Amino acid sequence: MLLTIDVGNTHTVLGLFEGEDVIEHWRLATDSRRTADEIAVVLQGLLAQSPLLKGADVSGIAICSTVPSVLNEMREMCRRYYGDVTAVIVEPGVRTGVPVRMDNPKEVGSDRIVNALAAIDQYGGPCIIVDFGTATSFDAVSAKGEYVGAVTAPGIEISVDALAAAGAQLHKVELVRPRSVIAKNTVEALQAGIIYGFAGQVDGIVERMAAELADDPDEVTVVATGGHAALVVGESRSIDVHEPWLTLIGLRLIYHRNTA
């Protein structure tokens, strides 16, 4: 089985593939202080406790990370605890099959390239990937499968935190859909502003990106992923597909590209 690990700034998502199917998955808080040994203990505990795995062995590992300190510990964890398992880490020199048409390709996060590959493989191009993570990332991929540009906006969670910190009478609220757009209390007013505000932001940015990306904007497929995608997908008129495991799928494809 192939273990895929997506290390983000806030959360780390792990998925176990059997063939092309994700048969088990976990979401952990990303902790830059966690050592390779601690990562191994957590990982082995998750694998051992899953009722779906029944002692199945990890035969390959694929990792991408936006946190350099964690990536270093992940590399050491693979060396010490999975030395006999082929590990592919997405970094310069790894074959992705995605040409990067940016002023400085090295600035593009590895997770964005992984998402681009998965979106092209699953849905074709042109496409726009909206990743609801620590930041809300919009990535444009051409009909030829080229990564051609991006938009980065503040993410839902950090926006909520900033609002609660700056407003004397405001506080963090549960991120759920309120009863109506026009709220009758402070909690639902915040919920409405967050959910419908981000849905409007997504629609506005996607509309402008699609107009630049293709002669016919209707040909552009918009794919949503990330931890908070489910909050916005139902309220956005521009999102076509919700694929929560997009990055993990991309890691699976890259692993096979580099080990075949």
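Q: Which residue does UniProt list for "binding site"?
A: The UniProt record, an unreviewed entry, lists Asp131 for "binding site". The model examined here is a predicted one. In this model Asp131 has its place in strand S6, residues 127-132.

Q: Is Asp131 buried or exposed?
A: A residue is called buried when its relative accessible area is under 20%. Asp131 has a relative accessibility of 13%, so Asp131 counts as buried.

Q: With which residues is Asp131 in contact, leaving aside its neighbours within four places in sequence?
A: Apart from those sequence neighbours, Asp131 contacts Asp111, Asn115, Thr136, Ser137, Thr225 and Gly226. With Asn115 there is also a polar contact between the two side chains, at 3.3 Å.

Q: Which residue does the UniProt annotation "active site" cover?
A: That annotation, again from an unreviewed entry, covers Asp111. Asp111 is placed in helix H3. Its relative accessibility is 17%, and because the limit for buried is under 20%, Asp111 counts as buried. Leaving aside neighbours within four places in sequence, Asp111 is in contact with Asp6, Cys64, Thr66 and Asp131.

Q: How is empty space in a protein found, and what volume has the largest pocket?
A: Rolling a probe the size of a water molecule over the atoms shows where empty space is left. In this model the largest pocket has a volume of about 600 Å³. Its lining consists of 30 residues, and those closest to its centre are Gly8, Asp111, Asp131, Gly133 and Thr134. Both residues discussed above, Asp131 and Asp111, are thus in that list.

Q: Which elements give two or more residues to the lining of the largest pocket?
A: These elements are strand S1 (2-7), strand S2 (11-18), helix H3 (110-123), strand S6, strand S7 (135-141) and helix H7 (246-259). By residue class, the lining of the largest pocket divides into 8 nonpolar, 15 polar and 7 charged residues.

Q: How many residues line the second largest pocket?
A: The second largest pocket is lined by 17 residues, with Glu91, Pro92, Pro105, Val108 and Ser110 closest to its centre. The space in this pocket is about 370 Å³. Its lining comprises 9 nonpolar, 6 polar and 2 charged residues.

Q: How many cavities of 30 Å³ or more are there?
A: A pocket is open, whereas in a cavity the probe fits but cannot get out. The count of cavities of 30 Å³ or more is 2. The largest cavity has a volume of about 150 Å³. Of its 15 lining residues, Thr12, Leu28, Arg34, Ile39 and Met74 are the closest to its centre.

Q: Which element gives the largest share of the lining of the largest cavity?
A: Helix H1 gives the largest share, 4 residues. The elements that give two or more residues are strand S2, strand S3 (21-29), helix H1 (36-49) and helix H2 (68-81). The lining of the largest cavity divides into 11 nonpolar, 2 polar and 2 charged residues.

Q: Where does Asp139 lie, and is Asp139 buried or exposed?
A: Asp139 lies in strand S7. Its relative accessible area is 0%, so Asp139 is buried.

Q: What does the side chain of Asp139 make a polar contact with?
A: One polar contact, of 2.5 Å, is with the side chain of Tyr147. Another, of 3.3 Å, joins the side chains of Asp139 and Arg112. Not counting residues up to four places away in sequence, Asp139 touches several residues, including Cys127, Ile128, Ile129 and Met209.

Key
Residues are numbered from 1 along each chain as its sequence is written. This is a predicted model: local features need pLDDT of at least 70, side-chain atom pairs count only at pLDDT 80 or more; totals for chains, interfaces and linings use all residues. Side-chain values use heavy atoms; hydrogens and water are left out. UniProt positions are given in the numbering used here, feature names are shortened, and annotations may be inferred rather than shown by experiment. Buried means under 20% relative accessible area, exposed over 50%, partly exposed in between (1.4 Å probe, protein chains only). Contact means heavy atoms within 4.5 Å. A polar contact is a pair of N or O atoms within 3.5 Å; within protein, one must be able to donate a hydrogen and the other to accept it, and residues adjacent in sequence count only if both atoms are side-chain atoms. On a 1 Å grid over the protein atoms alone, a cavity is a set of points where a 1.4 Å probe fits but cannot get out, and a pocket is an open set with protein on both sides within 12 Å along at least five of seven lines; lining residues have an atom within 4 Å of a point. Grid points are joined across faces, edges and corners, and a volume is the space filled by probe spheres set on the points. Ala, Val, Leu, Ile, Met, Phe, Trp, Tyr, Cys and Pro count as nonpolar, Asp, Glu, Lys and Arg as charged, and the others, Gly among them, as polar.
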